[in-house]
Amino acid sequence: MIHYTNTNNPIDFPSPIKNLNEYLFALLGDWSVVEKWWHLPNKAFDGKTPVQVWNESDGQQKVTDYVMWFCTGDYS
């Protein structure tokens, strides 16, 4: 389960999510938007939320790959 914080920094997040959230923050620019991103349906995940996918057997890799795809700029 993902632990969320009510503060404006990711210190309370478990390590894999904390690291990914730092990339999400760079993309989205606001910690509250990062937290909302985890709970909104996403077309890339067939309408599931990123947190739902994260909790699936291979979900951590799927979510990480998706975020990193935007960070690398490899949109081909």
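1. A residue is called buried when its relative accessible area is under 20%, exposed when it is over 50%, and partly exposed in between. Trp 38 has a relative accessibility of 0%, so Trp 38 counts as buried. The model discussed here is a predicted one.

2. Helix 2 spans residues 31–39, and its buried residues are Trp 31, Val 34, Trp 37 and Trp 38. These four cover an arc of only 110° around the axis, and therefore lie on the same side of helix 2. The spacing rule behind such a pattern is simple: an α-helix has 3.6 residues a turn, so residues three or four places apart point the same way.

3. His 39 also belongs to helix 2. Its relative accessibility is 41%, so His 39 is classed as partly exposed. The C-alpha atom of His 39 is separated by 5.3 Å from that of Thr 49, although the two residues are 10 residues apart along the chain.

4. Seven aromatic pairs are present in the structure. In one of them, Trp 37 and Trp 38 meet edge-to-face, with 5.2 Å from centre to centre and 80° between the planes. Trp 37 is buried, because its relative accessible area is 15% and the limit for buried is under 20%.

5. Trp 37 also pairs with Tyr 66. Here the ring centres are 6.4 Å apart and the planes are at 15°, so this pair is stacked; planes under 30 degrees apart count as stacked. Trp 37 lies in helix 2 and Tyr 66 in helix 4 (residues 59–72), so the contact ties together parts that are 29 residues apart in sequence. Tyr 66 has a relative accessibility of 21% and so counts as partly exposed.

6. Which residues do the ring pairs link into a cluster? The members are Trp 37, Trp 38, Phe 45, Trp 54, Tyr 66, Trp 69 and Phe 70. Within this cluster, Trp 38 is buried at 0% relative accessibility, whereas Tyr 66 is partly exposed at 21%.

7. On the surface, Leu 27, Leu 28 and Val 33 make a nonpolar patch of about 210 Å². Leu 28 lies in helix 1, which covers residues 15–28. With a relative accessible area of 37%, Leu 28 is partly exposed. Patches are made of residues with over 30% relative accessible area, so the 37% of Leu 28 meets that condition.

Note on methods:
Residues are numbered from 1 along each chain as its sequence is written. This is a predicted model: local features need pLDDT of at least 70, side-chain atom pairs count only at pLDDT 80 or more; totals for chains, interfaces and linings use all residues. Side-chain values use heavy atoms; hydrogens and water are left out. Patches are made of residues with over 30% relative accessible area and no salt bridge: like charges are joined within 9 Å, nonpolar side chains (Val, Leu, Ile, Met, Phe, Trp, Tyr) within 5 Å. Accessible areas come from the Shrake-Rupley method with a 1.4 Å probe; for residues, only the protein chains shown count as cover. A salt bridge is a side-chain nitrogen of Lys or Arg within 4 Å of a carboxyl oxygen of Asp or Glu. Helices (H or I, at least four residues) and strands (E, at least two) are DSSP runs, numbered from the N terminus. Buried means under 20% relative accessible area, exposed over 50%, partly exposed in between (1.4 Å probe, protein chains only). The arc is that of the directions from the helix axis to the C-beta atoms. Rings of Phe, Tyr and Trp (its six-membered ring) pair if their centres lie within 6.5 Å; planes under 30 degrees apart count as stacked, over 60 as edge-to-face and the rest as tilted.
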